[in-house]
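Colleague: Could you take me through one part of this model in detail, residue by residue? I would like the surroundings described too, where they help to place it.

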Amino acid sequence: MILSRVIGLLLGYVFGLFPTGMLMGKAHQTDLKKEGSGNTGMTNSIRVLGWKAGVTVFFGDFFKAVIPMIIVWAVYRNLYPEAVKLLMLYAGTGAVLGHNFPFYAKFKGGKGIACSIGTIIAFDWRMAPICAVLFFLTVVPTGFMSLGSLGFSSGFFVQTTVFGQLGFLNGGAAVLPELSGLAAILTALAFIQHRGNLKRLATGTENKFAPSKKDEKETED
């Protein structure tokens with residue numbers, strides 16, 4: 001089943017390469033890498049281009065993980081029924097890696113949170129509510145999207161480990177260590193990609209979330 005793992009990972013990576021944010025920026029004659037935080041994900045898209053563009057970017061990145069995971073499920077659900085969840089998670093992890101480290105941009109990409117959200121929901125939607133609660137409990141009082149994203153990702157790792165031990169995940173005990181390992185990798189990737197945010201949080205210079213001025217003008221009008 002090693003080849004199946006590699007196929008899932010590579011399939012996800014290819015889908016993860018789709019430059020949603022860059023294309024949205026071009027559609028608005030804006031280079032997101034030179035505006036705001038310089039990131040091409042949802043948060044910076046909202047800051048620079050407004051809510052509509054940001055939400056579009058989010059769903060584009062979201063489905064970059066969901067689609068390859070569905071493909072893997074369709075291909076392997078009968079061939080490896082007890083390991084299909086694991087193979088799906090490989091595809092989701094590949095999508096996050098493709099988004100974060102695209103080869104065509106010298107392996108400098110986004111932070112992979114929307115891809116991670118897609119991965120979590122496609123993997124097991126039951127984990128989403130707790131992750132969402134952790135996100136909002138962090139963002140609402142602080143205003144820091146980065147902290148909410150890290151809370152969301154950490155919640156996935158904890159739930160994968162706990163759900164696995166309680167027998168809520170398909171696959172049996174044989175694949176549980178690997179599932180937890182992949183969940184840990186996804187969480188570690190979130191922290192690695194947010195290392196700049198963490199430094200700014202430590203020094204008190206991190207920007208709080210704010211919508212684009214375009215949205216403010218539209219509201220005023």
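Modeller: What follows is a close look at one helix, then at some residues elsewhere in the chain.

The model is predicted, and every value below is computed from it. The part I have chosen is helix α4, which covers residues 51-76.

Start with A53, a residue of helix α4. Its relative accessible area is 4%, and because buried means under 20%, A53 counts as buried. Which residues does A53 contact once its neighbours within four places in sequence are left aside? They are M24 and H28. For a sense of distance along the chain, A53 and L198 are 145 residues apart in sequence, and their C-alpha atoms are 26 Å apart in space.

V55 is also found in helix α4, but its setting is not that of A53. V55 has a relative accessibility of 34%, so it counts as partly exposed, whereas A53 is buried. V55 belongs to a nonpolar surface patch of about 600 Å². The other members of that patch are W51, F59, F63, I67, I71 and V75.

F59 ties the patch to the aromatic side chains. It is a patch member, and at 41% relative accessibility it is partly exposed. A search of the whole structure finds ten aromatic pairs. In one of them, the ring centres of F59 and F62 lie 6.2 Å apart with the planes at 70 degrees, so the pair is edge-to-face. The angle settles the class because planes over 60 degrees apart count as edge-to-face. Both residues lie in helix α4, three residues apart, which is about one turn of the helix. Is F62 buried or exposed? F62 is buried, with a relative accessible area of 11%, while its partner F59 is partly exposed. Ring pairs also link F58, F59, F62 and F63 into a cluster. Two residues of that cluster, F59 and F63, are listed in the nonpolar patch as well.

For comparison, here is another aromatic pair. The rings of F103 and Y104 have centres 5.8 Å apart and planes at 75 degrees, so this pair is edge-to-face too. F103 is exposed, with a relative accessible area of 52%, and Y104 is partly exposed at 40%.

The cysteines can be dealt with briefly. How many disulfides does a search of the whole structure find? The count is zero. C115 is in no disulfide, and the nearest cysteine sulfur to its own, that of C131, is 16 Å away. A disulfide needs sulfur atoms within 2.5 Å, so the 16 Å between the sulfurs of C131 and C115 is too far for a bond. Both residues are buried: C115 has a relative accessible area of 1%, and C131 is at 0% relative accessibility.

Last, a residue of another helix. S153 is placed in helix α8, residues 145-166. With a relative accessible area of 4%, S153 is buried. Residues up to four places away in sequence aside, S153 touches I113, T187 and A190.

To return to helix α4: A53 is its buried example, at 4%, and V55 its partly exposed one, at 34%. The edge-to-face pair of F59 and F62 joins a partly exposed ring residue to a buried one.

Definitions and conventions: Residues numbered from 1 in each chain as written. Predicted model: local features only at pLDDT ≥ 70, side-chain atom pairs only at ≥ 80, totals over all residues. Heavy atoms only, no water. Helix = DSSP H or I, 4+ residues; strand = E, 2+ residues; numbered from the N terminus. Buried < 20%, exposed > 50% of the residue type's maximum accessible area, 1.4 Å probe, protein only. Contact = heavy atoms within 4.5 Å. Patch = residues over 30% accessible without salt bridge, like charges linked within 9 Å, V, L, I, M, F, W, Y side chains within 5 Å. Areas by Shrake-Rupley, 256 points an atom, 1.4 Å probe, with all protein chains shown as cover. Salt bridge = Lys/Arg side-chain N within 4 Å of Asp/Glu carboxyl O. Phe/Tyr/Trp six-rings, centres within 6.5 Å; stacked < 30°, edge-to-face > 60°.
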